[in-house]
Amino acid sequence: LLHLREAGIEEAIIITGFGANLVEAEIALHAIPGLNVRTIYNPFFALADNLASCWVARSEFDRTTLLLNGDTLFETEIARRLIGAPPAKITLAVDRKEAYDSDDMKVLAEGSKLMSVGKHIASYNAESIGFMRFSKDGAAMFAQAVEAAMRRPEGLKRWYLSVIDHLAVETGEVAIQPIDGLEWGETDFLEDVQGNIELTARWAAKAR
């Protein structure tokens, strides 16, 4: 939240589910001047994947919007780079590395154009860091696609990036923004926690 504010964001909406009361208590402890933070509760969190989190917040996609996974940690410059990326309806922040594991959300891009995104795609040359930008038109397009996806029998079990993959294929209007050289992290497994504590400690020390 602090890094979003440093990048110029004035409002953050957090989709809660498991442990919602703990998340809300933590937010209350860390009020950030100039940043309005509010929450929307997802009552389907125990039954659904993160597409449903986007669905409960679909009415918020009526303006230029950033979408960020709750477990993605990022230095402020990543948000600035994404916000300042060339105009596109949807822009996905991506990183590149020498090898990818089975849990990485892999990306296939040609130049600045997203061709495909998913954990199990056959060809890839980057990974999504779980952070993207929507123009006003792109946000509306995404919200409409989320609504359509949630009406299908498998909707509750889908990731929202499966909708981004569909839009990339169908419209050709999804771009990427590389963040090579910048620091970020995510918490997928228990062993990720210590590394992320060290990562954020470095950021905090630099800020001081």
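Start with asparagine 42, which touches Ile15, Thr16, Gly17, Ala52, Ser53 and Val56, leaving out residues up to four places away in sequence. Keep in mind that this is a predicted model. From asparagine 42 we'll move on to ring pairs, a couple of charges over rings, two packed helices and two more buried residues.

**Around asparagine 42 and glycine 17**

- You'll find asparagine 42 in the loop between strand 2 (36–41) and helix 3 (50–56).
- Is asparagine 42 buried or exposed? Its relative accessible area is just 2%, so asparagine 42 is buried.
- One of its contacts, glycine 17, sits in another loop, the one between strand 1 (11–16) and helix 2 (20–29).
- Glycine 17 counts as buried too, because its relative accessibility is 13% and the cut-off for buried is under 20%.
- Setting aside neighbours within four places in sequence, glycine 17 is in contact with Tyr41, Asn42 and Phe45.
- Look at glycine 17 and proline 43 as well: they are 26 residues apart in sequence, and their C-alpha atoms are 6.5 Å apart in space.
- Two of the residues that glycine 17 contacts, Tyr41 and Phe45, turn up again in a cluster with Phe18, joined by ring pairs.

**Rings and charges**

- How many aromatic pairs are there? The count comes to 8.
- Tyrosine 100 and tyrosine 124 make an edge-to-face pair, with 5.5 Å from centre to centre and 80° between the planes.
- That pair links distant parts of the chain, 24 residues apart: tyrosine 100 is in the loop between strand 5 (90–95) and strand 6 (106–110), and tyrosine 124 is in the loop between strand 7 (113–118) and strand 8 (126–134).
- Tyrosine 100 counts as buried at 19% relative accessibility, whereas tyrosine 124 is partly exposed at 35%.
- Tyrosine 124 also has lysine 106 lying over its face, 5.7 Å from the ring centre.
- Over at tryptophan 55, the charged end of arginine 58 sits over the ring, 3.9 Å from its centre.

**Two helices that pack together**

- Helix 5 (residues 136–150) packs with helix 6 (residues 160–171) at an angle of about 115°, and their axes are 10 Å apart.
- With that angle, the two helices are therefore roughly perpendicular to each other.
- The crossing of helix 5 past helix 6 is right-handed.
- Which residues meet where these helices pack? Helix 5 brings Met141, Phe142, Ala145, Val146 and Ala149, and helix 6 brings Tyr160, Val163, Ile164, Leu167 and Thr171.

**Leucine 114**

- Leucine 114 belongs to strand 7, and with a relative accessible area of 0% it is buried.
- Not counting residues up to four places away in sequence, leucine 114 touches Leu92, Val107, Leu108, Ile164, Ala168, Val174, Ala175 and Ile176.
- One of those contacts, Ile164, is also among the helix 6 residues that meet helix 5.
- Leucine 114 and alanine 99 are 15 residues apart in sequence, with 19 Å between their C-alpha atoms.

**Phenylalanine 74**

- Phenylalanine 74 is part of strand 4 (residues 72–74).
- Phenylalanine 74 is buried, with a relative accessible area of 6%.
- If you skip residues up to four places away in sequence, phenylalanine 74 touches His3, Leu4, Leu68, Ala79, Phe131, Glu183, Trp184 and Trp203.
- Between the C-alpha atoms of phenylalanine 74 and leucine 199 there are 9.4 Å, although these residues are 125 apart along the chain.

Key. Residues numbered from 1 in each chain as written. Predicted model: local features only at pLDDT ≥ 70, side-chain atom pairs only at ≥ 80, totals over all residues. Heavy atoms only, no water. Phe/Tyr/Trp six-rings, centres within 6.5 Å; stacked < 30°, edge-to-face > 60°. Helix = DSSP H or I, 4+ residues; strand = E, 2+ residues; numbered from the N terminus. Buried < 20%, exposed > 50% of the residue type's maximum accessible area, 1.4 Å probe, protein only. Lys NZ or Arg CZ within 6 Å of the ring centre and 35° of its normal. Axes fitted to C-alpha atoms, helices over the stretch in contact; angles between N-to-C directions. Parallel < 35°, antiparallel > 145°, perpendicular 65-115°, else oblique. Left-handed = near helix turned anticlockwise from the far one by under 90°. Contact = heavy atoms within 4.5 Å.
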